[in-house]
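Here is a short tour for someone meeting this structure for the very first time. Have a look at the sequence and the fold, then read on.

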Amino acid sequence: MLALLFKNFIRSKGTKIGLLFLLLIGFISLLIGHQFQERQSRNITEAATYQKEHIARNAAYHSDEMGLLLYYVKFSLVNKTFPISSLAIGQRDVNPSIQSVTIRGLEGQKYDSELNNPHNLMLGNIDFSFVLIYLFPLLIIAFTYNVISEEKESGTWKIVATQSDNTFLYILKLFYIRILSLVMLLTIVLFIAIFLLNIPFNKSLFTFYTISILYILFWFAVCFFIVSLQKNSNFNAVILLTIWLFLIIILPATINTYIVNKYPVPEALELTLKQRNAYHEKWDMDKTATMDKFYQHYPQFKNYVLPDTEFSWLWYYAMQQMGDDESEVQSKELETKLKQRNEASQNIAQFIPTMHTQIQLNEIAKSDLGNQLLFMEKTNQFHEKLRLYFYPKIFDNADVKKENWSKFKVETFEDTSKTNLATTFLPLVLFNLLLIGFGWRNFRKEKEIF
């Protein structure tokens, strides 16, 4: 019986076209992921080459003053991109994965990024997570909306009911065949991704695969529940597409608007202007006031006395430091509000399977907002380490030629945060069980089925 049902299902031209179309789109998404991966790898290689040449060139041109040299020299920090990130690009699409900074004011540099076509940013990338979240449900709806209603409308359901010992088991077999087809398609695409994108077999891949299957099962559970209402095909199609539109587009957009309004963040431009204004106004202020604040921030540098000259690098870098210090309130506010947005999104998404899946896929791929916040925090630490190393050399006007500049390589930040499997899987499992339970109850009420 099962083999016959599978042959009837797969023999349909609509089924073949749907599966082949989704397989093609899935493969295209992998190619887009591969392009993203190559671009990231190329950017990192170019950053390493550029930093080496950039430092050597400036050290040769500005060999007399350490302070002048470090005005120009940039040092890079890379946010490591994992192979699995190519499946769910997430925040990596808009936020830089490389931060190149001088030891001057940091806040004016943190939000520098590559120029991108706004139209492309609006459309986003068709990565695999997009195909899974948006397109898989549409094919599931197309395969299941008329599982029973079509046979009822054609008058063949009574024949099926009389020939089958258990019609509910027959319905489960119909769903099982369709579930198996979509899971097999998912497995094929991810199997190709493993080789095309060099994704290692590890916990992250297992978690990604499992939550993808649970998401597919969620949409089958939705369809199972709607089919259990025993309505006609038109009703099923309309209500399922309405649910898709609501869960995929309307509800996430509404929640995003709510979060943005509840946790308004200061613009990065505003923060940059605050830092630069705080720095520029120091040119017209008493130098002693600037130095007093600097010594308060770094008491270990009190032994460096401000020389009686019109300009000194000690005062200049103290002035740069004060620009960051005086914009610290806005910087902390931005960081806090972004964390609040991230936490609010995760908490609300536990009750919305589509949002939950997208957030979890990005988290597994280390391309979520949480990863970006960790990278920003690491950038602060990276910049502070550079300052503490070079400040004494600048203030002592150390010999540029005696510094081993070749040791300053591009550094890499690796996000080692762990994924909570219970938090990842539980919401989808509960929704699946709930919908299947309600669907089973509806079928039990139908005397025509049993």
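## M184 and its surface patch

Let's start with M184, which you'll find in helix α8. Is it buried or exposed, or something in between? This is a predicted model, and in it M184 has a relative accessibility of 45%. That makes it partly exposed, because the label covers anything between the buried limit of 20% and the exposed limit of 50%.

M184 has company out there: together with L2, Y176 and L180, it forms a nonpolar patch on the surface. The four add up to about 350 Å² of accessible area. Helix α8, which spans residues 167-196, supplies the largest share of this patch, with three residues.

## A little sheet

Now for the strands. Three of them make up an open sheet, in the order β2-β1-β3, and the pairing is mixed. At the edges sit β2 (98-101) and β3 (411-413), each pairing on one side only. On average, neighbouring strands here are turned by 25° against each other, if you ignore direction.

Take a closer look at β1, residues 75-79: it runs parallel to β3, and three bridges join the two. One residue to pick out is N79, which stands opposite F413 in β3. As a general point, strands of a sheet pair through backbone hydrogen bonds, and they can do so parallel or antiparallel.

## Helices against the sheet

Which strands does helix α2 touch? Helix α2 (residues 13-61) packs on the sheet and touches β1 and β2, with its direction at about 165° to that of β1. Helix α16 (residues 369-395) lies across β1, β2 and β3, and runs at about 155° to β1.

## Q372, tucked away

Helix α16 is also home to Q372. With a relative accessibility of just 7%, Q372 counts as buried, because the cut-off for that is under 20%. Leaving aside residues up to four places away in sequence, Q372 touches N79, N95 and P96. So N79, the residue opposite F413, turns up again as a contact of Q372.

Q372 and D415 are 43 residues apart along the chain, while their C-alpha atoms are 9.6 Å apart in space.

## The whole chain

Stepping back, the chain has 17 helices and three strands. Of its 450 residues, 47% are buried. Among contacts between residues at least 6 apart in sequence, 83% join residues at least 24 apart.

And the outside? The chain's accessible surface comes to about 23,000 Å², with 60% of that belonging to carbon and sulfur atoms.

Note on methods: Residues are numbered from 1 along each chain as its sequence is written. This is a predicted model: local features need pLDDT of at least 70, side-chain atom pairs count only at pLDDT 80 or more; totals for chains, interfaces and linings use all residues. Side-chain values use heavy atoms; hydrogens and water are left out. Patches are made of residues with over 30% relative accessible area and no salt bridge: like charges are joined within 9 Å, nonpolar side chains (Val, Leu, Ile, Met, Phe, Trp, Tyr) within 5 Å. Accessible areas come from the Shrake-Rupley method with a 1.4 Å probe; for residues, only the protein chains shown count as cover. A salt bridge is a side-chain nitrogen of Lys or Arg within 4 Å of a carboxyl oxygen of Asp or Glu. Helices (H or I, at least four residues) and strands (E, at least two) are DSSP runs, numbered from the N terminus. Buried means under 20% relative accessible area, exposed over 50%, partly exposed in between (1.4 Å probe, protein chains only). Two strands pair if DSSP finds at least two bridges between them. Axes are lines fitted to C-alpha atoms, for helices over the stretch in contact, and angles run from 0 to 180 degrees between N-to-C directions. Contact means heavy atoms within 4.5 Å.
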